[in-house]
Amino acid sequence: MNVKKGEKVIILAIESSCDDTSAAIIIDGEIKSNRIANQSVHEQYGGVVPELASRAHMANIVPVVKSALEDASVHQKDLTAIGFTRGPGLLGSLIVGVSFAKSLALGLGIPLIEVHHMNAHILAHFAEDPKPQFPFLCLTVSGGHTQIVQVDDFLDMVILGQTIDDAAGEAFDKTGKMLGLTYPAGPIIDKYAQDGDAIYTFTEPKVDGLNFSFSGLKTSILHFLQKEMKKDDQFITNNMNNICASVQARIVSILLNKLTLAAKKTGITQLAIAGGVSANSGLRNGLINLCNENGWRHFIPAFQYCTDNAGMIAVSAYQKYLAGKFVGQEVTPKARMEM
Ligand code: KG4
Ligand code: ZN
């Protein structure tokens with residue numbers, strides 16, 4: 001293994017933790033390419049089918065890496081290091097990216113850098129301007145996680161609160177399943193919500209401190225839909241926009257009320273959102289309004305850096321490269337991983 005000194009730092013980053021296969025190139029901290037292959041095979045199942053995800057990753061990884069290299073006009077022999085998502089995520093999906101990264105690094109004789117997927121979602125804020133200054137608070141909301149994180153430095157983060165059951169993305173996806181929508185339902189609910197009004201009220205769960213809970217909300221939505229469908233079996237079809245607007249408004253208010261509490265508790269008033277659910281228009285607008293009302297600063301990533309992508313893995317890998325944090329060929333993927 002050989003860490004090249006005094007030359008351009010060119011890192012290939014690979015993301016394969018769930019159902020998106022992605023590769024990116026970052027040169028001296030600047031993202032030059034970010035290719036993502038989505039997997040439509042899961043749509044009909046209402047969620048990601050792990051075995052199908054692994055197979056699709058195997059089919060996608062070589063072409064995706066090739067395209068990322070080509071987009072950045074980089075040859076693989078020019079690479080300085082390879083960064084990859086070690087976890088958390090689906091084990092079968094992670095194995096594909098980790099094995100690929102290890103083999104290529106071994107073949108090229110260059111170092112490996114492991115990346116924590118949730119750390120990378122937060123560092124997506126450093127992919128483009130404006131960049132937050134440390135410390136800032138980040139509400140990280142994805143299909144598997146819902147966390148409020150105090151970010152003191154690139155690699156120094158403390159989780160202040162998190163969900164005790166479902167993640168915010170899961171709340172969107174499971175509601176979508178009840179409404180007969182395909183997976184992932186978050187973006188579809190977002191679209192319907194834009195033409196609806198939040199006329200139905202779902203109670204806000206009472207959870208201590210900065211933690212979240214979404215399982216009670218899921219049950220109350222189910223009971224509400226069952227009750228209304230008994231009276232009118234076309235209720236969902238006829239009221240889709242308003243149902244989606246109501247569900248979205250409640251999920252967003254749960255998230256932003258806790259973020260507000262975190263800002264008041266810590267005195268930190270630079271507020272960021274990250275992860276797949278940060279693509280939600282209700283959450284994005286809600287954060288902007290919240291910050292404008294209080295004189296706080298908001299940070300919202302560009303859409304391409306919200307959902308899973310290797311660009312964010314590249315940002316994290318570059319910071320770890322600067323900190324000299326490498327791993328050896330013995331590294332294995334981790335479905336659960338501490339930040
Ligand atoms: O971060 P991500 O791409 O993958 C995980 O690490 O989980 O997040 C995926 C989640 C899914 O639950 C999806 O429904 C949700 O993000 N999502 C959205 C939107 N776009 C993606 N949820 C609400 N509104 C959106 N526009
Ligand atoms: Zn993610």
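**Exercise 1. In what order do the five strands of the open sheet lie, and what is their pairing?**

Solution. The structure is a predicted model.

Step 1. Reading across the open sheet, the strand order is 3-2-1-4-5, and the pairing is mixed.

Step 2. The ends of this order are strand 3 (30–38) and strand 5 (112–116); each has a single partner strand, so one side of each has no neighbour in the sheet.

Step 3. Neighbouring strands of the sheet are turned against each other by 20° on average, direction ignored.

**Exercise 2. Describe how strand 4 is joined to strand 5, and find the bridge partner of Gly87**.

Solution.

Step 1. Strand 4 covers residues 81–87 and runs parallel to strand 5, with five bridges between the two.

Step 2. Gly87 has His116 of strand 5 as its bridge partner.

**Exercise 3. Which strands do helix 1 and helix 10 meet?**

Solution.

Step 1. Helix 1 (residues 50–71) lies across strand 1 (10–15), strand 2 (20–27) and strand 3. Its angle to strand 2 is about 25°.

Step 2. Helix 10 (residues 310–322) packs on the sheet and touches strand 1, strand 2, strand 3, strand 4 and strand 5. The direction of helix 10 makes about 130° with that of strand 1.

**Exercise 4. Identify the donors of the zinc ion (ligand 2) and place the two histidines in the fold**.

Solution.

Step 1. The zinc ion is coordinated by NE2 of His117, NE2 of His121 and OD of Asp308, at 2.0 to 2.1 Å.

Step 2. Along the sequence, these donor residues follow the spacing H-x3-H-x186-D.

Step 3. Helix 3 (residues 117–123) holds both His117 and His121. They are four residues apart, which is about one turn of the helix.

Step 4. Are His117 and His121 buried or exposed? The relative accessible area is 5% for His117 and 0% for His121. Buried means under 20%, so His117 is buried, and His121 is buried too.

**Exercise 5. Which residues come nearest to ligand 1, and which polar atoms face its oxygen atoms?**

Solution.

Step 1. There are 19 residues around ligand 1, of which Gly143, Asp173, Asp190, Asn280 and Asp308 come nearest. Asp308 is also a donor to the zinc ion.

Step 2. From the backbone, a polar atom of Gly143 is 2.8 Å from an oxygen atom of ligand 1, and a backbone N or O atom of Gly169 lies 3.3 Å from an oxygen atom of ligand 1.

Step 3. From the side chains, a polar atom of His117 lies 3.2 Å from an oxygen atom of ligand 1. His117 thus appears in both sites, as a zinc donor and as a polar contact of ligand 1.

Definitions and conventions: Residues are numbered from 1 along each chain as its sequence is written. Chains are lettered from A and ligands numbered from 1 in the order in which they are written. This is a predicted model: local features need pLDDT of at least 70, side-chain atom pairs count only at pLDDT 80 or more; totals for chains, interfaces and linings use all residues. Side-chain values use heavy atoms; hydrogens and water are left out. Two strands pair if DSSP finds at least two bridges between them. Axes are lines fitted to C-alpha atoms, for helices over the stretch in contact, and angles run from 0 to 180 degrees between N-to-C directions. Contact means heavy atoms within 4.5 Å. Donors are N, O and S atoms within 2.8 Å of the metal (3.2 Å for Na, K and Ca); water is not among the atoms, so sites may look incomplete. Buried means under 20% relative accessible area, exposed over 50%, partly exposed in between (1.4 Å probe, protein chains only). A residue is near a molecule or strand if one of its heavy atoms lies within 4 Å of it. A polar contact is a pair of N or O atoms within 3.5 Å; within protein, one must be able to donate a hydrogen and the other to accept it, and residues adjacent in sequence count only if both atoms are side-chain atoms.
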